[in-house]
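Trainee: Before I rely on any label attached to this model, I would like to see how each one follows from its value. Could we take them in turn?

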Amino acid sequence: KKIGTKTFDRMIRENMAIKEAQAAQTSIYDYDKRSNGAMDYQAFVAEVVAMLKSEDPTFGKKEENANG
């Protein structure tokens, strides 16, 4: 029986820049946006957003203000 567990195609590689960013208490994007770790996280986020949009076409769309 399928339990509904989702897996992703993208993997986030172990990477020194990620460890260094954590030690510096900063985001990987602020530390080194061109590192493999930053690119892996960006690709993972894109995959998650695409999955969410496919499940809910209204995901990520701004709500229209009823007052104008």
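Mentor: Gladly, and the surface is a good place to begin: the accessible surface of the protein comes to about 6,100 Å², and 51% of that belongs to carbon and sulfur atoms. Please keep in mind that this is a predicted model, in which 15% of the 68 residues count as buried.

Trainee: What pattern does the protein follow when read along the sequence?

Mentor: The pattern is α-α-α, in keeping with a count of 3 helices and 0 strands. As for contacts with a separation of 6 or more, 36% of them in the protein come from residues 24 or more positions apart.

Trainee: Why is the aromatic pair of Phe8 and Phe44 called edge-to-face?

Mentor: The rings of Phe8 and Phe44 lie 5.1 Å apart, centre to centre, with 75° between the planes; because a pair needs centres within 6.5 Å, and planes over 60 degrees apart count as edge-to-face, both conditions are satisfied. This is the 1 aromatic pair that the structure holds.

Trainee: What makes this pair a tie between separate parts of the chain?

Mentor: Phe8 lies in the segment before α1 (16–23), whereas Phe44 lies in helix α3 (residues 36–55), so the pair ties together parts that are 36 residues apart in sequence. Phe8 has 31% relative accessibility and counts as partly exposed, and Phe44, at 26%, also counts as partly exposed, because that class runs between the 20% and 50% limits.

Trainee: How do you know that Arg13 and Asp40 meet in a salt bridge?

Mentor: Their side chains are 2.8 Å apart, N to O, and because the criterion is a side-chain nitrogen of Lys or Arg within 4 Å of a carboxyl oxygen of Asp or Glu, the label applies. The pair links distant parts of the chain, with Arg13 in the segment before α1 and Asp40 in helix α3, 27 residues apart. Arg13 is partly exposed at 45% relative accessibility, while Asp40, at 8%, counts as buried.

Trainee: How many salt bridges does the structure hold?

Mentor: The structure holds 2, and the side chains of Lys19 and Glu14 also meet in one, at 2.7 Å from N to O. Here Lys19 is partly exposed, with a relative accessible area of 40%, and Glu14 counts as exposed because its 69% is over the 50% limit.

Trainee: Why does Glu47 have no salt bridge, and where does Glu47 lie?

Mentor: Glu47 lies in helix α3 and is buried, yet the nearest side chain of opposite charge, that of Arg10, is 4.7 Å away; because a salt bridge has to fall within 4 Å, the label is withheld. Leaving out residues up to four places away in sequence, Glu47 touches Phe8, Asp9 and Arg10.

Trainee: Which residues make up the largest nonpolar core?

Mentor: That core has 5 residues in all, namely Ala17, Ile18, Ala21, Ile28 and Ala38, and α1 gives the most to this core, with 3 residues. The name applies because a nonpolar core is a set of buried residues of listed types, Ala and Ile among them, joined through side-chain atoms within 4.5 Å. As a general tendency, nonpolar side chains in soluble globular proteins are buried together.

Trainee: What does Ala21 touch, not counting residues up to four places away in sequence?

Mentor: On that basis, Ala21 touches Thr26, Ser27, Ile28 and Tyr31.

Definitions and conventions: Residues are numbered from 1 along each chain as its sequence is written. This is a predicted model: local features need pLDDT of at least 70, side-chain atom pairs count only at pLDDT 80 or more; totals for chains, interfaces and linings use all residues. Side-chain values use heavy atoms; hydrogens and water are left out. Helices (H or I, at least four residues) and strands (E, at least two) are DSSP runs, numbered from the N terminus. Buried means under 20% relative accessible area, exposed over 50%, partly exposed in between (1.4 Å probe, protein chains only). Contact means heavy atoms within 4.5 Å. Accessible areas come from the Shrake-Rupley method with a 1.4 Å probe; for residues, only the protein chains shown count as cover. Rings of Phe, Tyr and Trp (its six-membered ring) pair if their centres lie within 6.5 Å; planes under 30 degrees apart count as stacked, over 60 as edge-to-face and the rest as tilted. Lys and Arg count as positive and Asp and Glu as negative; His and the chain ends are not counted.
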